[in-house]
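Biologist: Hi! Could you walk me through this model? I'm new to it.

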Amino acid sequence: MTIPAWLRNWFQQKNWCMHAYQEKMFDFFSAGQSVLLIAPTGGGKTLASFLPALVDIHDNQFKGLHTIYISPLKALTYDIQRNLLNPIKEMDLKVSVETRTGDTSSYRRQRQRQKPPNILLTTPESLMLLLSYTNSATFFSTIKMIIVDELHSIAPTKRGDLLSLALAQLTAFSPKAQRNGLSATVAEPEKLAQWLSSPKQPVKVLQVKPTLKPIISLLTTSELPYSGFMAKYAVNEIYKIIIQNKMTIVFVNTRAQVEFLFRQLWLVNDAGLPIAIYHGSLSKEQRLKTENLIVAGEIKAIVTTSALELGIDWGNVDAVIQVGAPHGISRLLQRIGRSNHQFDQSSLASLVPANCFDALECQAAIYAIDKGAIDGEDFHAGSLDVVVQFIINYACGQSIEPDELFNVIRSAYPYRLLTKEIYLKLLQFAINGGYTLQHYDQYHRLLPDEKNTYKIASAQVIRRHRQNIGTIIEAARLRVKIMNKRKDKIVGDIEEAFAQQLTPGDTFLFAGEVLQFIRIHDMHLEAKKTKAKDSKLPSYNGGTMPLSTYLAEEVRHLINTPSLWKNLPEKIRDWLHLQQKFSLLPSENAILIEQFPYKKTCYLVIYSFEGRRANYTLGMLVSRRMEELNLKPISFTATDYSLAISALRHVDENTIQSLFTQDVMDMELEKWLLQSPLLKRTFRQVAIISGLTERQIAGKRKTMKQVTFSTDLIYDVLMRYEPEHILLAITRHDVTKVLLDIERLKIMIQRFQGKIIIKELTRPSPFSVPVLTTFKTERVVGDAQEELLSYAEIEAQAKGMIDEVRKIV
Amino acid sequence: MFANHRLIFDGNACIYWPTKEMVIVADLHLEKGSYLAEKGNPIPLYDTIDTLSRLEKIVDYYQPKTLVSLGDNIHDIDALNRIYPQHKLLLEKIANEVRQWVWVMGNHDKNVKPLNWASSMIFSASVNIDNILLTHDLVHESAFQIVGHYHPKTTVKNISGKCFLHNDSKIIMPSFGSYTGGFEIESTAFKKALNHELFNAFLLHNQKIWRVK
C-alpha cells in the first residue's frame, strides 16, 4: 500500500513530518505482517498504528468491522476516539469510529451488533462480552487489524490471560487479521512480541529508539529526614517547581500520601494556584471533572498515584515530580513519560526522596536510566480459572467441539503448554462442576449433544456468565457519601477494612477534605465535612508496590561503589561514611545482619533489600522460629531495605546462621500458610473468576463480607470431601503467584546461603536508624501542627542516634 | 445457668441440656447447595452430607433422648425433593438414634409437609420446656427463650466465626448448616434486628468456644 497524497498533504498542513516508523507501518500492513511497535509516549505511535487502517477503509470503501483497538483503560478508548475523529473530520474520511465499554448504553450495543463501525475501540472485558454473542463469528469475520495498546502493562497480568484467549478466538474467526501491539520501552521486546503472536501470526518488533533521554534531577535539601514516607520537608520546593512550570504532575506511591501532600501543598499555596487531586478511589464524576480541567489546561498541578500513569495524552504537562522511592525503573520511566509529549524534547523530572534510603534508590534509578537499563518483566503461565471463564464464554456464542476449543486455547501464548489432561478437567468443571462424589445431573452449565459437542444449558447460565466476565476482583469497598442538608453527594469509595476501624466522630482525609465519620449504612460510608484539622490518614491498603529486583541490585551496587556517591546529597554521603566506619556497608554478594542492644532489648537488623512485603513476611517467619527456640522475640518492623526484629535474648552467631536457611523458610511457610487466610482469599478469587460463585449482582447486591464467608464455607467443605478438585489445585498454584515476594525471599536465602555476615555492635548503626524510627513515623496522627512536632521529634531522635555513632568512630 | 437450668454450649454449634438429655441445634438449611446450584452456581453439593455427618457425630457423642432442631431445617420448600437418597438415609438414621426429634418450623420451612420418615419426628412451631420456649425466631411475650434464625457471627482479632449470643432471658444459637453464612453482630442491621439488646457472645473456632469481651 502506498501512502496516498491526501494523507501526506494533511501532515504537511499540520506542519508535521511523517516519521520513518510511521511509514513502515504501511509496509507491514501491506505484507500482512503483525508488529509490536515500541516507542516512548508522545511519539505519535497510536496514530501510526491507525493510519494504514484509515487509508484502507477510506480508499476501499470498506464495509463492516475493520479494526479492533483494545486498551486496558476505558478512559483511553474515549481519548483515542477524540484523537481519531479529528483527523477523520479534517480529511473528510469515510470511516466510522465507536467505543464499546461497560458504559455503552444497551441501545448503542444492540445497534453496534447489527451495524458495526469500521473501527471499534474497546477493553478486554467488553471484547469478551462481544465474543459471547451467537453472531460473533460473522461479526468478527471481516476484521483485518487488531491493535492492543499499553501491551507491556496488560500482558503479564490475569487480564492479559483473558485478553490472550480473546485474541486466539478472534484469530480463529479471522485468521488473516494482523495483531499489532503498542508498548512503552521494555527490557525484552522479543518476549512481549512472542506473547502477542500466534502460530498463524508471528509478530515482528519495531523499536523506535527514544531520541532523547529524560533529564532527571534529585531534589534534596539538608532537611532530608532519616526516615518517614511523607516528604513533608520538601513541600516548599515542590511548590516552587509547580510555580515555575505550566503544568506539573506530582506522583506519589500511596493514596495516603496523595491526601497528605495535597493538603500540605494547599497550606503553602499562598498564590491560590489551581492544584487538584486525582486517584482511583474518587468517584467517576469527580475524576471526569478533573480530567476535563486538565485537558482544558485549567490546572496548574495535580497530585496523583498510579491512576494517571497510563495512556491518556495530557499534551500540556511540562514537569513531573516523583515523591518517595520510585520502586522500579519501568514505572518511573512511565511516570516521567507523562510530561512533554513532544518527540524532540527531553522530559523533565524531579525525584523527591522521603528518607535516606529513598535517596539512594532515586540516585540508583537515575544512574540506571542513564545507562538505558530497565526492569525485566515476569511472564507467567496463564491462569487456569480464566480458562474456565473463557470456555463458558465460548459456549455462549457457539457449541463447543472439545478438540477444536483445545487448539484455540493452546494458540494463546500463555497457554501454549496447557496439557490435555488439565484442559479436560477444566472443561469438566465448566460442564457440571466436575465433582466426583456428586451425581446430580440437573445442574449442568453445559449439555452434551449427539455429536459429542457441548451447548450452554440455559439462558440463565448465559445471563449469569455475562454479568461476571472479567478478572479484576476488588477488595470490598464502600461508597463515601458526604451528607449535606440540601443534597447528599457521593465523592468516591474507600476500603471496607479502613472504614470499619472508624468510630463515629473520627475524622479522615478524603478527596482533599477532612471528613467526619457518621456511620456505615447500606454499603455507604456516611460522613460530613468538617473544619477540624485533626484527621486520621486513609489506610495504606493497595498502595505498597514491591521494589523491583533490578533496582534493588542497583541500590546495592551504588552503596558499594563510593565513586558513585558524588551526586548524592552531603547528608547521605556522611551517613554512608559513618556506616562504613562503625559497622559495614551491605555488600553485593553477602547479607549483612547487625545485632545490638537498644531500649533494653536485643535488635537484629537484616539488610535484605527485597522490598517491604518480602521483609514483612521474612519477619513473620523468622520470629515464629525464634519463638520456638525460646529467643523471646517481641516485635518486628519492615522497610523496603531491611527488617528489624527485637528480642529479649541475645542470639548467638550459629543460631542466626541457622535461622536463615531454606529448610526453616519452607517449614515455617508451610505451617503459616495453613493458618493464614491467604488460601481462602485466593480461593475466593478463583471461585469468582471460574464462575463457581457470582460477584456482586446488580439488584440483589450482597455485601462482600457475605461473599467471603460463603466461599470460605465452600472451601472448607471441598477440602474435606474432594481435596484434589481442580479448583483447589488452581488455588494452591495461585497462592505461590500471589506470594511472589516469598519466591524472592527463597531465591535470596538460596543465593546467600553461607554468605551471611554478622556484625555485633554496641549501639544502633546509622543504617538501622531508618527502620528503628519507621514504626513511629507510620503512626503519626494529629493536627497539622502536631504532625510537624512529631516528625521533628522523631528526626531529632534519629539525629541523636547518628551523633552518638559519630562520637565513637 | 439459664432460667435456673444448666446448659452446655458446645464448640460444635449445639447446646446440650444434661437434665433433659437433649441436644439443640439451629438452622441446618439442608440442600442449600442444590438450591444455589439450581440458580446456576456450580458449587460442590456436599453441604447436606457434611451437615448431617456433623450432626450424627454430636448425637453419637451425647446420646440424647431428644434432638431439637430450631427451624430452617431445610433451605426451601423443595429441598426434600432434591435430597439424595443416601443423604436421606443418613437423616433417617439420625432420627432413629433418638427417641424424639423435634422439627421446629422456621421461615424457610414453615409450609413443609410433615413427612413421617421416622416415628421419632415431631413437627411443631415451638416447644415449651420448663418455662423455656424453644422456637425459631424471638417471641415478644415469652420470658425465657432459645432461638435460631439470626446466624450470629463475630470477629475477634482477625478470627471470624459463628457465635452464641446469650443474656438473662434469651439464647440465640449459631447456625449449624455447612453453607450457612453469618451476620456480623456488630453491624447496625444486626443490632437493629435485636432492638439493641445487650448480649454476651461466645465465638466458635476450631470446635472450641471462646467468651468474647
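**Where the chains meet**

Modeller: Happy to! Contacts between the chains are a good start: 18 residues of chain B are in contact with 28 residues of chain A. Keep in mind that this is a predicted model.

Biologist: Which elements give two or more residues to the side of chain B that touches chain A?

Modeller: Those are α1 (32-38) and α2 (47-62) of chain B.

Biologist: And which gives the most to that side of chain B?

Modeller: That is α1(B), with three residues.

Biologist: How many nonpolar, polar and charged residues are on that side?

Modeller: The side of chain B that touches chain A has seven nonpolar residues, seven polar ones and four charged ones.

Biologist: Great, let's switch to the sheet in chain A. What is the order of its strands?

Modeller: The order is β8-β13-β12-β9-β11-β10 in chain A. These six strands make an open sheet, and their pairing is parallel.

Biologist: Which are the edge strands?

Modeller: β8 (215-218) and β10 (275-278) of chain A, each of which pairs on one side only. From one strand to the next, the twist averages 20°.

Biologist: What about β9 and β11 of chain A, how many bridges do they pair over?

Modeller: Four bridges, in the parallel sense, between β9 (residues 248-251) and β11 (residues 301-304) of chain A. Within that pair, A:Ile249 stands opposite A:Ile302 in β11(A).

Biologist: Which strands does helix α14 of chain A touch?

Modeller: Helix α14 (residues 329-336) of chain A packs on the sheet and touches β8, β9, β12 (319-323) and β13 (348-352) of chain A. The direction of α14 makes about 145° with that of β12(A).

Notes:
Residues numbered from 1 in each chain as written. Chains lettered and ligands numbered in written order. Predicted model: local features only at pLDDT ≥ 70, side-chain atom pairs only at ≥ 80, totals over all residues. Contact = placed C-beta atoms within 7 Å. Nonpolar A, V, L, I, M, F, W, Y, C, P; charged D, E, K, R; others polar. Pairing = 2+ DSSP bridges. Axes fitted to C-alpha atoms, helices over the stretch in contact; angles between N-to-C directions.
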